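Trainee: Please bring up the model, and we will go through it by question and answer.

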Amino acid sequence: MAKEITTAQMARVLSIEFVQRLTESLSGLFRVLNILDIETYAAGTALKRYKISGTLEDGNIAELDEVPYSQYKEEMVDVDELKLEKYRKGTSEEAILKSGYEAAVAKTDNAFLNDIRKNIRVKFFDFLADGTGTAEGDDLKDALANTAGELAVAESEFGYEGTPIFFANPKDVYAFLGKKDTYNVETAFGWKYIENFLGIGTTFLDAKVPEGTVYGTFTENIHAYAVDINAINEAGFEYVIDETGVIGIAHSVHYENGVADTNVRTGLLLYPEIVNLIIKGEFAAAVNPAAGGEGNDEGNGEGNGEGNGEGNGEGTGDGN
């Protein structure tokens with residue numbers, strides 16, 4: 001006789017599936033951003049942001065003259081705090097009766113997961129907006145090229161070696177492309193990106209980037225910081241934790257109000273640390289209905305999800 005699966009066992013299975021989906025998408029994002037590991041600290045740890053400054057003195061020194069010092073420094077410009085974030089989503093008994101426990105909980109878990117990922121991205125763009133570098137261009141391509149140029153100047157000024165990475169609004173990207181080019185749009189952590197976009201570099205598409213704006217920085221300037229969720233389980237909690245130890249999930253039921261809960265604990269921050277290695281490029285945003293129509297045709301050619309999903313889904317979903 002087959003052994004029946006208990007509610008508690010099903011809850012743990014759903015927690016494991018939830019963590020696996022989150023871990024897989026997070027691993028994909030870290031691969032693109034070239035993040036090799038996550039730095040874990042206690043909640044409340046101060047995270048510092050810096051501005052690099054300095055001047056190289058003339059190296060043409062006469063024999064026996066004293067060599068002048070070249071002064072470089074990291075100046076702290078901002079401090080953030082690493083915090084534990086707590087999320088909870090409930091599924092009613094009525095919803096479970098309508099479509100079954102697994103379907104009712106799992107379907108809404110997907111939307112819950114997407115919003116948590118989106119919240120992490122929102123904070124990242126708040127950090128990017130603090131960048132001190134600027135660039136301009138006539139259109140998206142010019143702005144990206146000039147932003148890349150400013151990053152190259154920053155590399156030479158500060159002796160910094162890195163891999164440029166860019167961020168743009170999906171409406172600007174699709175309006176610019178029209179039917180001229182076809183690019184393979186990929187997804188990591190619920191985030192659309194195009195590798196080597198316009199021959200300039202990997203570019204992420206997100207509606208949190210204002211239209212008419214691009215951001216550029218180096219993958220090496222982006223750090224992943226998080227609180228260690230394993231420490232919570234040491235106190236008796238039973239979160240299913242991802243392999244990095246930064247995201248914990250637990251499903252439970254409450255008889256007093258007839259709700260099945262999904263609880264998430266995390267404290268993950270994507271943190272661009274040096275502000276003058278962040279360049280903000282600006283151009284006249286393309287507001288062209290014809291170009292917008294071409295963007296949807298392009299989406300249909302690649303798969304309707306990319307054109308409509310990115311143009312509309314990102315615009316209304318991530319944009320909210």
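Trainee: Which residue caps the N-terminal end of α4?
Mentor: This is a predicted model, with pLDDT of at least 70 needed for local features and 80 or more for side-chain atom pairs, while totals for chains, interfaces and linings use all residues. Residues are numbered from 1 along each chain as its sequence is written, and side-chain values use heavy atoms, without hydrogens and water. A side-chain oxygen lies 3.2 Å from the backbone nitrogen of K141 (a polar contact is a pair of N or O atoms within 3.5 Å, one able to donate a hydrogen and the other to accept it; residues adjacent in sequence count only if both atoms are side-chain atoms). The residue that supplies this oxygen is D139.

Trainee: How far does α4 reach from its first C-alpha to its last?
Mentor: Helices are DSSP runs of H or I with at least four residues, strands are runs of E with at least two, and both are numbered from the N terminus. Helix α4 covers residues 140-158, 19 in number. The expected span is 1.5 Å times one less than the number of residues. The reach in the model is close to that expectation, at 27 Å.

Trainee: How wide an arc do the buried residues of α4 cover?
Mentor: Buried means under 20% relative accessible area, exposed means over 50%, and partly exposed is in between (1.4 Å probe, protein chains only). The buried residues in α4 are L140, A143, L144, T147, L151 and A154. They lie on the same side of α4 because the arc, taken from the directions from the helix axis to the C-beta atoms, is only 95°.

Trainee: Which elements are among those covering these residues?
Mentor: Contact here means heavy atoms within 4.5 Å. The cover includes α5 (170-177) and several strands. Among these strands are β5 (133-136), β6 (164-168), β8 (191-197), β10 (213-218) and β16 (279-282).

Trainee: Which residues of β16 point to the buried face?
Mentor: In a regular strand the side chains alternate between the two faces of the sheet. In β16, K280 and E282 point to one face and are not buried. Those that point to the other face and are buried are I279 and G281.

Trainee: Which residue is the bridge partner of T213 in β16?
Mentor: Two strands pair if DSSP finds at least two bridges between them. β5 and β16 pair in the parallel sense over 4 bridges, and there T134 has K280 as its partner. β10 and β16 run antiparallel and are joined by 4 bridges. In β16, T213 is bridged to E282.

Trainee: Which residue in β9 stands opposite F167?
Mentor: β6 is mostly covered, with 4 of its 5 residues buried. β6 pairs antiparallel with β10 over 5 bridges, where A168 has V214 as its partner. β6 also pairs in the parallel sense with β9 (residues 201-205), over 3 bridges. The residue in β9 opposite F167 is F204.

Trainee: Which element supplies the largest share of the largest nonpolar core?
Mentor: A nonpolar core is a set of buried Ala, Val, Leu, Ile, Met, Phe, Trp, Tyr and Cys residues joined through side-chain atoms within 4.5 Å. The largest one has 38 residues, and those with the most contacts inside it are L29, L33, F167, W191, F204, V264 and L270. At least two of its residues come from each of α1 (7-33), α3 (101-128), β6, β8, β11 (222-227) and β13 (247-254). The largest share, 8 residues, comes from α1.

Trainee: How many residues does the second, separate core have?
Mentor: W191 of the largest core touches residues including L29, F167, F204 and L270, not counting residues up to four places away in sequence. The second core is separate and includes A154, Y183, I194 and V214. Its number of residues is 26.

Trainee: What relative accessible area does N196 have?
Mentor: Most residues other than glycine have a negative phi, and most peptide bonds are trans. N34, in the loop between α1 and β1 (39-41), has a positive phi near 60° and is partly exposed, with a relative accessible area of 43%. N196 is in strand β8 and has a positive phi near 50°. N196 is partly exposed as well, with a relative accessible area of 47%.
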